[in-house]
Amino acid sequence: MPAKTMDELVSLCKRRGFIFQASEIYGGMQGAYDYGPLGIELKNNLKQAWWRAMVYERDDVEGLDAAIIQNKHVYKYSGHEDTFTDPMVDCHECKSRLRADHMKDIKVCDNCGSTNVTEPRDFNLMFKTNVGPMVNEESYTYLRPETAQGIFINFKNVVDSTARALPFGIAQIGKSFRNEITPRNFIFRVREFEQMELEFFCKPGEDEKWHQTWVDLRTQWWLDQGLGKDNMEFEYVTGDDLAHYSKSTVDILYKFPHGFEELEGVANRTDYDLGSHTKAQDEFGLSANVKKNEHSTTKLAVRDLEENKMVVPFCIEPSAGLDRGVLAVLTEAYTEEELENGSTRTVLKLKPHLAPIKVAVLPLKKNKPEIVEAAKSIKNRLQKLGLGRILYENTGNVGKGYRRHDEVGTPICITVDFDTIEQDGAPVTIRHRDTMEQEVVNTADLPSFILNYFVNQD
């Protein structure tokens, strides 16, 4: 059963080195977190799984890593300067700040019931910064609030350098920054986060087909990462809730400990973005209502070979928060089991490809040089397989080691004991996380055993 409360996850993450409060020694910083030794492994594994699925396993997607700081005109023409705000209400009594669009009544504080509240005021969610030695109105720009704009403004560069034709996509993983007024729920809503975004470009008229295709593909991908189907729902965004660029949006929701909330959004952005950033907008008969662009130097269009004319493609965008993905995976994997002897063990039943530690090698005796040497040799051989982190752990207490690795999600533990150094074949004991079953494997067979395990498990 997934974690029931956020406190369970926060405690585990701090205790086992997954996630720490940022600037903790100075009292912390709201809405900012640091990933510890195991957290960064889990985060990287989820990123790699996304990149494999989006780029390596497809023949119609290219990768990109655009700059975090871009020319301020990017955010003028993207619409962010005009629309990237939240209406907020302040309560004079309990000093809380609330999003007006989330309040039951904007004249009554949801927290204390007071009517002594301000009128809704817009707060800009973008972090403003200055570039260059002079600080003035001409030197400002923003930390990017999303990775998508870096893809749109590089559209022609990618097309020219790869000779791509429609349909095709550009994928990117990177940091984004939003000045969230009320960050909350651990790493669910933070001010600095990573996004995994694909902008998939297609011919106008084929957008609705591709939109549904990507909703289905992204849902299956999350199931492949271990999320339970019963813990996922869909929200079809309509009316005023649609973003300014969206024709239609489907949000994939997950049941976090605080309830169902967005894990990933799949939006039909039409030709809004490329149309906003392109030169000579009037030449293309854009369907989206865009601001007149007086600064772009490039036409962001491709030739439609069937109709023999230049067109601005429509765009389907699956956009997922990596940090929310980590939180969802941890929530789903968190399990408490009562054992036959009446004791309880905590297990992270992570998919093997996501596990921070793939294999832990434990010598039975930490003061027996022959056993220690054999264990280190096994660790080094397995590390060269390229599966991820293989941990040598010399604590001298195998039972406690098993429990510790259950709690951090290590799928396999290998115990090196006296039989390893005394018997032919140098047998070791393999212990499986989920079943706690053990089997004996000769050292020479270990690499193929481990490789087969990870291939078959996922």
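**Exercise 1. Strands side by side**

Find how many bridges join strand 19 to strand 20 in this predicted model, and then place both strands in their sheet.

*Solution.* Start with strand 19, residues 359-363: three bridges join it to strand 20, and the two run parallel. For one concrete pair, look at Val361, whose bridge partner in strand 20 is Tyr392. Next, widen the view to the open sheet, where five strands follow the order 20-19-21-22-23 with mixed pairing. Now check the ends of that order: strand 20 (390-392) and strand 23 (438-442) are at the edges, and each has a single partner strand, so one side of each lacks a neighbour in the sheet. Finally, the twist from one strand to the next averages 25 degrees.

**Exercise 2. A sheet of three strands**

Work out which strands are the edge strands in the open sheet with the order 5-4-6.

*Solution.* Read the order first: this open sheet has three strands, and its pairing is antiparallel. The edge strands are strand 5 (97-99) and strand 6 (121-124), since each pairs on one side only. The twist here averages 50 degrees from one strand to the next. Then zoom in on strand 4 (residues 85-90), which pairs with strand 5 over three bridges in the antiparallel sense. In that pairing, Asp90 stands opposite Arg97 of strand 5.

**Exercise 3. Checking a helix**

Compare the span that helix 9 should have with the distance between its end C-alpha atoms, and then decide whether the helix is covered or not.

*Solution.* Helix 9 covers residues 322-333, which is twelve residues. At 1.5 Å a residue, the helix should span 16 Å, because the expected span uses one less than the number of residues. The end C-alpha atoms lie 16 Å apart, so the two values agree. For the second part, recall that buried means under 20% relative accessible area. By that cut-off, twelve of the twelve residues of helix 9 are buried. Among them are Asp323, Arg324 and Glu332 as well as Leu322, Val326 and Leu327.

**Exercise 4. Two pockets**

Describe the largest pocket and the second largest pocket by volume and by lining.

*Solution.* Take the largest pocket first; its volume is about 1700 Å³. It is lined by 46 residues, and those nearest its centre are Arg99, Arg178, Asp241, Asp251 and Glu262. Strand 13 gives the largest share of this lining, seven residues. Sorted by class, the lining has 17 nonpolar, ten polar and 19 charged residues.

Turn to the second largest pocket, which holds about 630 Å³ of space. Of its 26 lining residues, Ala49, Arg52, Glu57, Gln225 and His353 are closest to the centre. Helix 2 (37-56), helix 7 (207-224) and helix 13 (446-457) each give two or more residues to the lining. The largest share, seven residues, comes from helix 2. The classes here are ten nonpolar, six polar and ten charged.

**Exercise 5. Unusual backbone angles**

Find where Pro167, Ala163 and Ala280 are located, and say what their backbone angles show.

*Solution.* Begin with the general rule: most residues other than glycine have a negative phi, and most peptide bonds are trans. Leu166 and Pro167, however, are joined by a cis peptide bond, with omega about -5 degrees. Pro167 is in the loop between helix 6 (155-162) and strand 9 (168-177). Ala163 is found in the loop between helix 6 and strand 9; its phi is positive, near 60 degrees. Ala163 is exposed, at 68% relative accessible area. Ala280 also has a positive phi, about 55 degrees, and is found in the loop between helix 8 (272-277) and strand 14 (302-304). With a relative accessible area of 28%, Ala280 is partly exposed.

Technical notes. Residues numbered from 1 in each chain as written. Predicted model: local features only at pLDDT ≥ 70, side-chain atom pairs only at ≥ 80, totals over all residues. Heavy atoms only, no water. Pairing = 2+ DSSP bridges. Helix = DSSP H or I, 4+ residues; strand = E, 2+ residues; numbered from the N terminus. Axes fitted to C-alpha atoms, helices over the stretch in contact; angles between N-to-C directions. Buried < 20%, exposed > 50% of the residue type's maximum accessible area, 1.4 Å probe, protein only. 1 Å grid on protein atoms, 1.4 Å probe; cavity = no way out; pocket = protein on both sides within 12 Å on 5 of 7 lines; lining within 4 Å. Points joined across faces, edges and corners; volume = space filled by probe spheres on them. Nonpolar A, V, L, I, M, F, W, Y, C, P; charged D, E, K, R; others polar.
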